[in-house]
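Good morning, everyone. I would like to take a few minutes to walk through one structure, beginning with its interior and ending with some details of backbone and rings.

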Amino acid sequence: MPRAGQLPAMLCCMPGVAFVPALLVSWSSAAFIISYAIAVLAGHIEPLVPYISDTGTKPPESGVFGFMINISALLAAITMYIRYLLTEKQNETSHFVRSSCNMFTLCIGLMGCTGMGIVATFQELAVPSVHDIGALVAFGSGVVYITLQSIISYKSCPRWNTYFVCHIRMAISVISCIAFIPSILYVSFTLFFPVIVFASKISMTKIDWTPGEKDYTYHFMSAICEWTVAFGFIFFFLTFIRDFQGFSLRISTEIHEDC
């Protein structure tokens, strides 16, 4: 187990730009865990599966949640852009995906990052409508992004990816989709795509849930699926680390004398 002081050094010593997704994964995980721990210790939420947003609704955890999730959104945007550049570079020799498709995937991902920023900035109880729109954009765009990335990964096999990694990415995408997107095949609101379904069944907006009260079952199931989707994103970006190890970025500076 590395010591806390060794973590920055380990990230900087990673080859290529692998430290970027590694930092995103570690920072985002810390954001969820720290805000959850503060909220529970302060007695603001019940420890048993709250909504993610519930862990950042009241001060002091709201400040920590907002700050760290905004940084996560920035890191996610940087990671997605690097992934876009990497795919473009690989595509120069392999021609496995259209450049327009790669750009579309990046735009969807950046929409999700924008949604994360909205969630972090507009608190759940302060501006619920804006917060909910941000959450919908973040989770919806995120699910589409990782699904498209999974498809692109398959197209790049076996030159740039192994089928094992592709299977993992697709499995994460499928699980995230099942936990979020409504299906045209459902026959009961209580069976399919629970984040939307269970959340829509809850008749009140609150954070202090206790077992046995009205709508608690829907809240509990919806919260489980929300955490599933969130950590699905984290584990998906974890699979980028190996890809980024063989990729470097350089910034050049030029001075124009005539300006």
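What follows is a short tour of the core, the cavities, the backbone and the aromatic contacts. Please keep in mind throughout that this is a predicted model.

Let me begin with the interior. The largest nonpolar core holds 47 residues, and the members that touch the most others are F32, I52, F139, Y145, V229, F237 and F244. Two or more residues of this core come from each of helix 2 (19–41), helix 3 (61–94), helix 4 (99–121), helix 5 (128–155), helix 6 (163–180), helix 8 (216–238) and helix 9 (240–244).

Now to the empty space. How many cavities of 30 Å³ or more does a search of the whole structure find? The search finds 2, and the largest of them has a volume of about 450 Å³. It is lined by 28 residues, of which F32, M116, A138, A230 and F233 are the closest to its centre; F32, you will recall, is also among the residues that touch the most other members of the core. Helix 2, helix 3, helix 4, helix 5 and helix 8 each give two or more residues to this lining, and the largest share, 7 residues, comes from helix 5. If we sort the lining by class, we find 20 nonpolar residues, 7 polar ones and 1 that is charged.

Let me turn to the backbone. As a reminder, most residues other than glycine have a negative phi, and most peptide bonds are trans. Against that background, the bond that joins P59 and P60 is cis, with omega about 10 degrees, and P60 is placed in the loop between helix 2 and helix 3. That loop also contains V49, which is not a glycine and yet has a positive phi of about 45 degrees. A cis peptide bond also runs from C157 to P158, where omega is near -5 degrees, and P158 belongs to the loop between helix 5 and helix 6. Finally, H95, in the loop between helix 3 and helix 4, has a positive phi of about 55 degrees although it is not a glycine; H95 is exposed, its relative accessible area being 61%.

The last topic is the aromatic rings. The count of aromatic pairs comes to 12. One of these is formed by W27 and F67, which meet edge-to-face at 6.2 Å centre to centre, with 70 degrees between the planes. Because W27 lies in helix 2 and F67 in helix 3, this pair ties together parts that are 40 residues apart in sequence. W27 counts as partly exposed, at 26% relative accessibility. The rings of F236 and F237 have their planes at 90 degrees and their centres 6.5 Å apart, so this pair is edge-to-face, and both F236 and F237 are buried.

Which residues do ring pairs link into a cluster? They are Y145, F236, F237, F240 and F244, and three of these names, Y145, F237 and F244, have already appeared among the residues of the core that touch the most other members. The ring of F240 has a further partner in R83, which lies over its face at 4.7 Å from the ring centre. Elsewhere, the charged end of R159 sits over the ring of W160, 3.9 Å from its centre.

Thank you, and I am happy to take questions.

Methods. Residues are numbered from 1 along each chain as its sequence is written. This is a predicted model: local features need pLDDT of at least 70, side-chain atom pairs count only at pLDDT 80 or more; totals for chains, interfaces and linings use all residues. Side-chain values use heavy atoms; hydrogens and water are left out. A nonpolar core is a set of buried Ala, Val, Leu, Ile, Met, Phe, Trp, Tyr and Cys residues joined through side-chain atoms within 4.5 Å. Buried means under 20% relative accessible area, exposed over 50%, partly exposed in between (1.4 Å probe, protein chains only). Helices (H or I, at least four residues) and strands (E, at least two) are DSSP runs, numbered from the N terminus. On a 1 Å grid over the protein atoms alone, a cavity is a set of points where a 1.4 Å probe fits but cannot get out, and a pocket is an open set with protein on both sides within 12 Å along at least five of seven lines; lining residues have an atom within 4 Å of a point. Grid points are joined across faces, edges and corners, and a volume is the space filled by probe spheres set on the points. Ala, Val, Leu, Ile, Met, Phe, Trp, Tyr, Cys and Pro count as nonpolar, Asp, Glu, Lys and Arg as charged, and the others, Gly among them, as polar. Rings of Phe, Tyr and Trp (its six-membered ring) pair if their centres lie within 6.5 Å; planes under 30 degrees apart count as stacked, over 60 as edge-to-face and the rest as tilted. A charge sits over a ring if NZ of Lys or CZ of Arg is within 6 Å of the ring centre and within 35 degrees of the ring normal.
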